[in-house]
Amino acid sequence: WCGGGISPLGPAPPMWYHRDLSRAAAEELLARAGRDGSFLVRDSESVNGAYALCVLFQKHVHTYRILPDDEGFLAVQTSQGVQPKRFKTLPELVSLYLQPSQGLVTTLLYAVDREETAISDDRDYSDGEDEKPPLPPRSASTSTPPGPDTPTESAPAANGLSTISHEYLKGSYALDLEAVKQGACALPHLNKTLVSSCKRLNGEVDKVLSGLEILSKVFDQQSAFMVSKMIQQSVNQGGDQELENLVTKLAILKDLLSSIEKKALKALQDMSLSSPCSPPPLSMRHSKAIPVQAFEVKLDVYLTELTKIGKSQKYTLSVDVEGGRLVVMKKVKDSQEDWTTFTHDKIRQLIKSQRVQNKLGIVFEKEKDKSQRKDFIFASAKKREAFCQLLQLMKNKHSNQDEPDMISIFIGTWNMGSVPSPKSVASWVLCRGLGKTLDEMTVTIPHDLYVFGSQENSVCDREWMESLRAMLKEQTELDYKPIAVQTLWSIKIAVLVKPEHENRISHVGMSSVKTGIANTLGNKGAVGVSFMFNGTSFGFVNCHLTSGNEKIARRNQNYLDILRLLSLGDKQLSSFDISLRFTHLFWLGDLNYRLDMDIQEILNYINRKEFDPLLKVDQLNLEREKNKVFLRFAEEEISFPPTYRYERGSRDTYVWQKQKATGMRTNVPSWCDRILWKSYPETHIVCNSYGCTDDIVTSDHSPVFATFEVGVTSQFVSKKGLPKSSEQAYIEFESIEAIVKTASRTKFFIEFYSTCLEEFKKSYENDSQSSDNVNFLRVGWSNKQLTTLKPLLSEIEYLQDQHLLLTVKSLDGYESYGECVLALKSMIGSTAQQFHTYLSHRGEETGNIRGSMRVRVPSERMGTRERLYEWISVDKDDTGGPKGKSTLVTRVGHEYVKSLGELGKVSEEGERTSKEETTARYGHTHVLPKQDAPDGDPSISKNSYNNPAYYILEGVPNQSAAALSPELLPSPTSANPQVAKAPLPSAGARTKPSYISPGHSHPRRPMTGHPVRAISEEGSSEDDAVGSTLNRPPPDFPPPPLPKGALEMVAEATFPKPRPLYPDLAEVRIPAASPAAPLALGEGFRRGGGPGPGPGSGALDDQSCSVLQMAKTLSESEFPGQPPRAPSAPPPLRGQPMGIGLDACRTFPPRNPIPESIAEDMPEEALWGSSSSSLSVGESSVGEWLQRLGLERYEQGLLHNGWDDLEFLSDITEEDLEEAGVLDPAHKRILLESLRQQQQQQPQK
């Protein structure tokens, strides 16, 4: 398009042209320049081939779009009616606007030049595995067509058709026109164009016809003659008839395809009458049957019952997956047995204890509408998970659903070190080795999907795929079907699926991105595959990032480049980076992040199997904490040793030094090989294993594996047909408000995308806008600016699985300033619900967005059903039994759990709790690591939009905080100075990675193994406390001061280890209509009290003080009710879950409900004693007691054996202590003596 071959950039790109610099980075550069008239030009983010001219004037950035016209001339986009000025090159255009009065907001005065990076910095020769980048392998023809190396190759150009058509229209068309003028009746040049453009089609049709020839002879003799004749003709056809023959062949093919199935069916029916049934072909047989598995358990009894029956009883639970039965067998005296059999449909629910990781409640249906719950203690948490998995498998197998609700996925990543793999890599696919592994009972159950990512893989594609299939066949007896293989040099990703699911996979896409030297070599980079599984979209990215201990910034940049350039998923979603295009995105590979610690210290910690101190200095964890990479991704907890850099041939020694030409190079042992994921809110995902093998020794990396249980949706078919207008569902917005990080002052609109909409929709421009800070802008849309959306189908069962993607775009350049995703599930109802979530763009957080919306579903479309993954729930409080209440939770409406630190109780309010309490279910959960209790440094995530320190540096808008009732925002000069002084989280306090999967308004499984910290942001039934499967919240929000009510509770219940939780933006509950309705923006500050203690508050002037107050209030108002991270102060603060009281005051007005809700939420045993008792129930008090005695090492053993509270412990014997792992006689004496003393003191308290 650049007229006459002249480059639009002129002979050499000018220094003020910044290529594909992001909008946010451009604003940063201009802010740094700081002078009016500073300018730069970058590529437009909204139109390919266009540019954006960015100019600074009065501290605001103004953006002008420069568009090419049909002839390749460039012009600044003008308002209607103004004649644009056209230029051949960018420098010519810029030189005009360097002169005054040319229509821009100011004359262009000071060019801001790009920062050139030295090429030498990019050299990445893979830490000594290769002295120079390897050449791409000459692979044999791949089993699936390779995708383009870069996303810029468009599909039409690839098949050559558009270029052929252009050539005809530019040239030969005139010759045909001339011939027609002279009376010709044919268009020879057009014919020639069509013949050449159909060349490949001709060949393909011949192939198809040849393939069908035998079938037609067997089943359809009539068409067989014509098919054979056409095949003959195609061998010796002439030029003129070529097109005619193609049309005839297509007609024959159409007839054949439309009739062959009917004719074949008739023929087979005739045959079946005359011959007996033969066994099904091998490929149709199922995998080997799962044997009956038996679990030894103890019945868990409540305190009141314990006196009647003495020691706990032993049971055996036998699971018969194939027969659909569970046998519960009790051992009675004299070796007699008493057993009861329950069929799969009589098992109503499984309820996992969160405090005791090996305890499970099973709800059985006894008679009609009556159920009984029994709680069992398993030998270990792993056994409990295996039991749940087998029962889920049994439910699935005997379900009357045609389509699955849930699938299991294996993901593996391995840097093969440029040598072929050993004969057997069974331990990799069976998840055997170190870390969080599967139980032996479930390890051989085949997964539905297998995804293998490899780096430095020298095997050709076809051979690699065949070896993977053979390995899976050997382990599972199933013929897995290849979905895709994508390769970039020696980086490969291969996806295989169970044969029964092959037809459920559609829309397969593949892509790759090079990030090697100068982003042109493929020795580093990424490959990706995406597809739909029925109605759920999946993306998988395998990458190999820059190596070298010190190359952190380069790795971060690699990640951002891949995020932006990998061309996967729905093309309509080009405004969104790939982290928002899929229901579930998995990112695996050799990420090459290292450990920042002295080599000798690292080796000492590894020898002692102490990984926590190492994870605190893991570069990936540190960069994620700063929100530099993998924003809101999750990673399962790492409990295996670093997977790099081993001596080849063994796993006993790390080789950390290598002699190179440039000198000795150190490669410290590191967790280079990782698997992370990011899922939409309110979807189901659980990571069941994450570890590495310890017996595959050909490479200097160990293979890493992870398995996931993922909820999927089916292609929904309405049983009632398309909705009539009276039965139409509507998505209505009352208002939306966004705070965007930008120095621009343009107007904005919102685009809405969803698979439930026929096409994307736009709002009108915002009708309110304000800012007191040059770097932030608050924009609002009232109801009249927002469009009502009409989903394609109106059934609640369909709508509760749908999501809405929003992008906030500017009117001046149509570029996105932030994107987000909302789950419709929490928004369904007759009254408007609040939502609140973060905005991100190009992998960085750029602001946040809140609003009020509802999804109206007509009553005749309200029927829904339970999903398989909703059948397992999480119990926050296992102590409520004696009162006779059933803890079974109905799973119809949006229930919620009020949690009290770690003690909480499932709400039993039935289908839907009162609207006042449930209106603000902001179900947007985000995935991030869980943090150890931080020590006080407010600098964590300086670049985070939600961090007050960020605002203090920048100067803060006085009125851009979200307005909430000031009662919810206790002032920093709070009644209790102890908390007001609690230090803020530190940058150094590394998170122990953890996860949560998207918020559900339904019971769901927790993570297995270690107690997983999880937060639901909608306060939904089982998910408010730690340990469920919700997607992770941000790591960088400072804790708001505790309300007074919370502090009073601290004296009553002490807790052992800090269990910091990160709630999401969405923990707020705002009633739709309540006396304390949200105030006008800014009112909270006028009423909110003066500045309080905080980082550097003494040194700030009045304005800055209000800035600090504002920043604090902003963070609190965005996330009131968040249980903040407990600081590592001495007790009582040390162990106190700082969420007490805050969670209880999630409903407005917050002050009054606190006493009642605390009493209501305490487990019964706690209420039996005096409220001032220093012994509280549960794991926390056992932990606190052991800690006081200096014997905390025994906590895990006691809990695993069911000794989970102090009252219960008073009956413990020496034998019980030995079973729990207390073998030292002196320690046994100390524990028993301490318990005797506690008992004597109890009545006096």
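**Notes on a predicted model, beginning with E403**

1. E403 is found in the loop that runs between helix α10 (381–397) and strand β13 (406–415). The structure shown here is a predicted model, and that should be kept in mind throughout the points below. With a relative accessible area of 29%, E403 is partly exposed, because the partly exposed class covers the range between under 20%, which is buried, and over 50%, which is exposed.

2. Which residues does E403 touch, once its neighbours within four places in sequence are left aside? The residues in contact with E403 are then R504, N534 and S714. Two of these contacts can be described further: the side chain of E403 makes a polar contact with the side chain of R504 at 2.5 Å, and the side chain of E403 makes another polar contact with the side chain of N534 at 2.7 Å. A student following the chain by number should also look at V712, which is 309 residues from E403 in sequence, while the two C-alpha atoms are 9.3 Å apart in space.

3. T713 is placed in the loop between β26 (704–711) and β27 (730–741). The relative accessible area of T713 is 17%, so this residue counts as buried, since the limit for that class is under 20%. When residues up to four places away in sequence are not counted, T713 touches F533, N534, G535, T536 and D801. N534 is thus a residue that T713 touches, and N534 also takes part in the polar contact with the side chain of E403.

4. Helix α10, which comes before the loop of E403, has 17 residues and reaches 24 Å from its first C-alpha to its last, a span close to the 24 Å expected at 1.5 Å a residue. Is this helix enclosed or open to the outside? Twelve of the 17 residues of α10 are buried, and therefore the helix is largely enclosed by the rest of the structure. Its buried residues include A381, F387, C388, L390, L391 and M394, but also R384, E385 and K395, so a reader should look up the burial of each residue in the model instead of guessing it from the residue name.

5. Three places in the backbone deserve a careful look. A cis peptide bond, with omega of about 10 degrees, joins Y644 and R645, and R645 has its place in the loop between α16 (619–625) and β22 (657–660). F630 also lies in the loop between α16 and β22, and has a positive phi of about 50 degrees although it is not a glycine. F630 counts as buried, because its relative accessibility is 0%. R842, likewise not a glycine, has a positive phi of about 50 degrees, and its place is in the loop between β34 (833–841) and β35 (844–856).

6. One open sheet has five strands in the order β4-β3-β2-β1-β5, and its pairing is mixed. The edge strands of this sheet are β4 (74–76) and β5 (110–111), each of which pairs on one side only. Strand β1 (residues 38–43) and β5 run parallel and are joined by two bridges, and the bridge partner of F39 in β5 is A111. Helix α1 (residues 23–33) packs on the sheet and touches β1, β2 (51–57) and β3 (60–68), with a direction that makes about 165 degrees with that of β1. Helix α2 (residues 90–97) packs on the sheet as well, touching β1, β2, β3 and β4, and its direction makes about 30 degrees with that of β4.

7. The largest nonpolar core has 52 residues, of which I409, I411, F531, F538, F540, F586 and F708 touch the most other members. Helix α14 (residues 599–607) gives the most to this core, with five residues. Around F540, and not counting residues up to four places away in sequence, the residues touched include I409, I411, V451, I493, L568, L585 and F586. A second, separate core has 35 residues, among them I750, L789, C820 and L822.

8. For the protein chain as a whole, there are 30 helices and 40 strands. Of its 1245 residues, 58% are buried. Among contacts with a separation of 6 or more, 71% are between residues that are 24 or more positions apart.

Terms used: Residues numbered from 1 in each chain as written. Predicted model: local features only at pLDDT ≥ 70, side-chain atom pairs only at ≥ 80, totals over all residues. Heavy atoms only, no water. Helix = DSSP H or I, 4+ residues; strand = E, 2+ residues; numbered from the N terminus. Buried < 20%, exposed > 50% of the residue type's maximum accessible area, 1.4 Å probe, protein only. Contact = heavy atoms within 4.5 Å. Polar contact = N/O pair within 3.5 Å; in protein donor to acceptor, adjacent residues only side chain to side chain. Expected span 1.5 Å × (residues − 1). Pairing = 2+ DSSP bridges. Axes fitted to C-alpha atoms, helices over the stretch in contact; angles between N-to-C directions. Core = buried A, V, L, I, M, F, W, Y, C linked by side-chain atoms within 4.5 Å.
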